[in-house]
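Got the viewer open? Keep the selection box handy and follow along stop by stop.

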Amino acid sequence: MTQELAMDSTSLSNLHILCIPFMAPGHILPMVDMAKLLARHNVKVTIITTPLNAIQFKTSINKEIESGSPIQLLEVNFPNAGAGIPKGCESLETLPSMDLKGNFLIAVNLLQKPIEELIQKLEPFPSCIISDKHIPSLADTANKFKIPRIIFDGTNCLNLLCNHNIHASKVYETLYDSDQFVIPGLPHRIAMKKSQLPVIFKPGPNQLLNRLRQRIRDSEVEAYGIVVNSFEELEDGYVEEYQNVTGHKVWCVGPVSLSNKDDIEKAQRGSKNFIDANEYVNWLNSWPKNSVIYVCLGSLNRVTPKQLMEIGLGLEATNRPFIWVVRKAYKWGEMEKWLLEDGFEERVKGRGILIRGWAPQVLILSHKAIGAFLTHCGWNSTLEAICAGVPLITFPMFSDQFYNEKLVVQVIETGVRVGVENAVHFGDEDEFGDGFQVSRENVREAIEKVMGEGEGKNERRERAKKYADMGKKAIEQGGSSYLNMLKLIEDIMHVKPFEF
Ligand code: UDP
């Protein structure tokens, strides 16, 4: 047990923290990483999820248990029938149709009842629930059992602060989509277009989804505090400002992916399969330092085929080695035909690897041959690149991704943008049609800025390395995130009922 925790082992053994992630890889993976870090402080942690999601990280949890961590994984059945979700689908990225988005959110919130039944049997009785903000029904659970609830947001303080300030100022209400505006109340000047804002600022006709989103916002405000997968040194000014304007407690405890220390842990993150991982590592071993481009547009991969083809052609035009994760791309049939029948895969053979399954992203990013990461700027991917010291080539799509692009391109200056101008919201790809926003030439140019002889390229790499070192230090003993994790544990231990 760490000596910094000012509490005796008896009080610690009474502590029991529940971690309940939302069912999508970008939410489950960081929550599991965070749960592992918590339990390594000798605090009892129970992760609750559904069977098909549990399979993805059971091996990793078993390994923690073997090494003495007081962590366990419990399962509740996914209410497929109750919400009209086909059997076998328990995770957002496996939804057969985007028309089921609302049903999926309902299903996740229907888990409230089985989770409550489980909670009643737990010993010691839970001291706290850390849950994803997308399961607002757990706010009622926490109230019912009189235990504090903490939100695990999955994004960063910049995103939280931007959303809060834009909402409060209502600045977006009088703007046209193409209008630029300066985000109010930030320590840095960040301007963006209204069309780049998250979907919460563009409510659609689906009233059910709108109501759920409002419920999510309300439950965020009611929570005891927010755990954030980020580190204070990276978010200079945003953490304090967010706390100031909202009065929320915030604990930055990341980068949590660094909880996966050895290559096996990294390879198994999100998948049981690490045979392929060895193949990728062997292939990467054959390339010089900083020479390979890694391309992955997230676990949901919703870019239109025409746009993906432009990305592919841009990669091809660079003549550089690359790994491209094409897994489950939107309209996959069209993409697969182009990759195979139109000859892309054959043309890039030897210097380009296409990953059709789950990529061991954290492992790949940590390989010294990786010289740049073309990313959709999902927060996990962005942070994983930052703490691997890899410069980013940014291709944001929706949600917080345009804010994240601003952070890496303008604030910490470790990224170069490809030039995406407008968000295409998750599930609205059909509205966007069959076109593309950035051409192969835009893609090639952005890659060359980072990988070629582009101006400031060495300085960018040095800055990337500096932030990677800061991220590593943050979660080591005595680092800012390490201390925040201890503070989180102490706060949970001492919280008074009127505080939540
Ligand atoms: N990821 C991975 N392999 C893949 C695709 C994604 O390991 O083939 C991981 C990635 O490392 C990250 C998460 O899935 O931790 C994706 O989260 P992110 O916030 O970047 O984007 P999202 O998928 O939620 O849009």
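Before the first stop, a quick bit of bookkeeping: Ala, Val, Leu, Ile, Met, Phe, Trp, Tyr, Cys and Pro count as nonpolar, Asp, Glu, Lys and Arg count as charged, and the others, Gly among them, count as polar. Also keep in mind that this is a predicted model.

**Stop 1: the ligand**

Select the ligand and what surrounds it. There are 20 residues in this shell, and the closest are Gly26, Gly298, Ser299, Gly378 and Ser381. Now colour by element: helix H2 (25-39), helix H16 (361-365) and helix H17 (379-388) are the ones that each give two or more residues to the shell. Which element gives the most to the shell? That's H17, with four residues.

Switch to colouring by class and the shell around the ligand splits into nine nonpolar, eight polar and three charged residues. The ligand's surroundings also draw on both domains, with at least three residues from each of domain 1 (9-258 + 472-499) and domain 2 (275-470).

**Stop 2: the two domains**

Zoom out and give each domain its own colour. The assignment puts 9-258 together with 472-499 in domain 1, and 275-470 in domain 2. Taken over C-alpha atoms, the domain centres sit 26 Å apart.

Next, select the contact between them: 34 residues of domain 1 are in contact with 31 residues of domain 2. On the domain 1 side, the elements that give two or more residues are H2, helix H8 (157-169), strand E7 (191-193) and H21. H2 has the largest share of that side, with four residues. By class, the domain 1 side divides into 16 nonpolar, twelve polar and six charged residues. So H2 turns up twice on this tour, as a contributor to the ligand shell and to the domain 1 side of the contact.

**Stop 3: helix H12, one side in and one side out**

Select residues 275-285, which make up helix H12, and show side chains. The buried residues here are Ala277, Tyr280 and Leu284. Why do they sit on the same side of H12? Because they cover an arc of only 65 degrees around the axis. There is a general rule behind this kind of pattern: an α-helix has 3.6 residues a turn, so residues three or four places apart point the same way.

Now spin the helix around. The face turned away from the buried side carries the exposed residues Ile275, Glu279, Asn282 and Asn285. To see what the buried residues of H12 pack against, add helix H11 (263-268), strand E10 (292-296), strand E11 (322-325), strand E12 (352-355) and H16. You met H16 at the first stop, where it gives residues to the ligand shell.

**Stop 4: helix H20**

Move to residues 440-451, helix H20. This helix has twelve residues and reaches 16 Å from first C-alpha to last, close to the 16 Å expected at 1.5 Å a residue. Its buried residues are Val443, Arg444, Ala446, Ile447, Val450 and Met451. Look down the axis: these buried residues fall within an arc of 165 degrees, so they line one face of H20.

What covers them? Turn on E10, helix H13 (305-318), strand E13 (370-375), strand E14 (392-394), strand E15 (415-417) and helix H21 (457-475), which are included in the cover over the buried residues of H20. E10 should look familiar, as it also packs against the buried residues of H12.

**Stop 5: backbone oddities**

Hide the side chains and check a few peptide bonds. Glu123 and Pro124 are joined by a cis peptide bond, with omega at about -15 degrees. You'll find Pro124 in the loop between helix H6 (112-121) and strand E4 (128-132). Another cis peptide bond joins Gly254 and Pro255, with omega at about 5 degrees, and Pro255 lies in the loop between strand E9 (249-252) and H11.

Then try Lys146, in the loop between helix H7 (137-145) and strand E5 (149-152). Lys146 has a positive phi of about 55 degrees although it is not a glycine. Is Lys146 buried or exposed? Lys146 counts as exposed, because it has 8 C-beta neighbours inside 10 Å.

Finish at Asn319, in the loop between H13 and E11. Asn319 is not a glycine either, yet its phi is positive at about 60 degrees. Asn319 is exposed, with 9 other C-beta atoms within 10 Å.

Methods: Residues numbered from 1 in each chain as written. Predicted model: local features only at pLDDT ≥ 70, side-chain atom pairs only at ≥ 80, totals over all residues. Near = placed C-beta within 6 Å. Domains from an automatic or database assignment. Buried ≥ 20, exposed ≤ 12 C-beta atoms within 10 Å, placed from the backbone. Arc of directions from axis to C-beta. Contact = placed C-beta atoms within 7 Å. Expected span 1.5 Å × (residues − 1).
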